[in-house]
Amino acid sequence: MTEYERLMQCCEYVKERISSKPKIALVLGSGLGQFASQIEVQESLSYSEIPNFPVSTVEGHEGRFVFGNCEGVPVAVMQGRVHMYEGYAPQDAVLPIRLLHMLGAEILFLTNAAGGIQAGMQAGEFMLITDHISSFVPSPLRGANMEALGVRFPDMSKIYSERLNQIIRQTAAEHTIPLKEGVYLQTAGPAYESPAEIRMFRALGADAVGMSTAIEAIAAKHCGMEVCGVSCISNLAAGISPHPLTHEEVKEAGDKAAPQFTLLVRGAIAKIGKQI
Ligand code: HPA
């Protein structure tokens, strides 16, 4: 079976089970999964129910799609994602994004937990992703191009939508939520970085580091979705943080940030909804 056939098969299965037509797809990062409780849920589907679908093995990742309305806008929420460090190929990790596109989602709102590199950043803050560095992980577009989705050599000069970024900035300002901005760099993980790697990433222009989002943004851009992303800075990156990094710290930071995260994402979705 080709990757495209697999995608079509997953898509047909989901379409048989689900009648929702999402406009916005939202990916919830580590510790941010509770946002799903903000959705007026119509339907949900565990990844494990979909034949040949990649299944998340990470603690703190539920592993299901939730379909419903948020602020009157039809949304599809990914409560948990799959990562390359779980052993998945980047093509597997982006299959759910492509599927949501095929269900009709035109906008992809990415969220994640990330380590802060930018000077002055504090754990618990948010960073609007204005660009990314994906050069340390293989491209999710490797292999036969899915012509039905996009071109072989897609442009990546404006991955994150300025229109959506403006909405997120405005929403943060209205709720007086401090919002940093910067470049997200993706590593393959699963180990956190060494201090020397963080110094290198900073020199290369990275403001935050994580193990997920850039490949998802690339796949979404390839198939013509409008993309935006917000990182929850769950910890200061290695060598900046005074203590060793743990997944517990990352999840706890997500819990603490949840009220502001909810305001920011809900508010942004409401504004996007008015412009659809
Ligand atoms: N590094 C990589 N990924 C992460 C981090 C980090 O410090 N924090 C949360 N995800």
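## Polar contacts with the ligand

A polar contact is a pair of N or O atoms within 3.5 Å. In this predicted model, E193 meets that cut-off: a polar atom of its side chain lies 2.8 Å from a nitrogen atom of the ligand. The side chain of N235 also takes part, with an N or O atom 2.7 Å from a ligand nitrogen atom. A113 contributes through its backbone instead, where an N or O atom lies 3.4 Å from a nitrogen atom of the ligand.

On its own, the ligand has 260 Å² of accessible area, and the protein covers 95% of that area.

## The shell around the ligand

The residues around the ligand are A113, A114, G115, Y192, E193, V209, G210, M211, S234, N235, L245 and V250. By character, this shell divides into seven nonpolar residues, four polar residues and one charged residue.

The ligand sits in the largest pocket. Three elements give two or more residues to the shell around the ligand: β5 (107-116), β8 (208-210) and β9 (226-236). The largest share comes from β5, which provides three residues of the shell.

## The largest pocket

The space in the largest pocket amounts to about 350 Å³. Its lining consists of 24 residues, and those nearest the centre of the pocket are S30, Y85, Y192, M211 and V250. Y192, M211 and V250 are also among the residues around the ligand.

Which elements each supply at least two residues of the lining of the largest pocket? They are β5, β8, β9 and the helix α7 (247-275). The element that gives the most to this lining is β5, with four residues. The lining of the largest pocket divides into twelve nonpolar, ten polar and two charged residues.

## Backbone features in two loops

Two loops hold backbone features that the reader may wish to locate in the structure. The peptide bond from G189 to P190 is cis, and its omega is near -5°. P190 is placed in the loop between β7 (179-186) and α5 (195-203).

The other feature concerns N52, a residue other than glycine with a positive phi, near 65°. N52 lies in the loop that runs between β2 (40-46) and β3 (64-70).

## Summary

In the predicted model, the ligand sits in the largest pocket. E193 has a polar side-chain atom 2.8 Å from a ligand nitrogen atom, and for the side chain of N235 the corresponding distance is 2.7 Å. β5 provides the largest share of the shell around the ligand and gives the most to the lining of the largest pocket.

Terms used: Residues numbered from 1 in each chain as written. Predicted model: local features only at pLDDT ≥ 70, side-chain atom pairs only at ≥ 80, totals over all residues. Heavy atoms only, no water. Near = heavy atom within 4 Å. Polar contact = N/O pair within 3.5 Å; in protein donor to acceptor, adjacent residues only side chain to side chain. Areas by Shrake-Rupley, 256 points an atom, 1.4 Å probe, with all protein chains shown as cover. 1 Å grid on protein atoms, 1.4 Å probe; cavity = no way out; pocket = protein on both sides within 12 Å on 5 of 7 lines; lining within 4 Å. Sits in = over half its atoms within 2 Å of the grid points. Nonpolar A, V, L, I, M, F, W, Y, C, P; charged D, E, K, R; others polar. Points joined across faces, edges and corners; volume = space filled by probe spheres on them.
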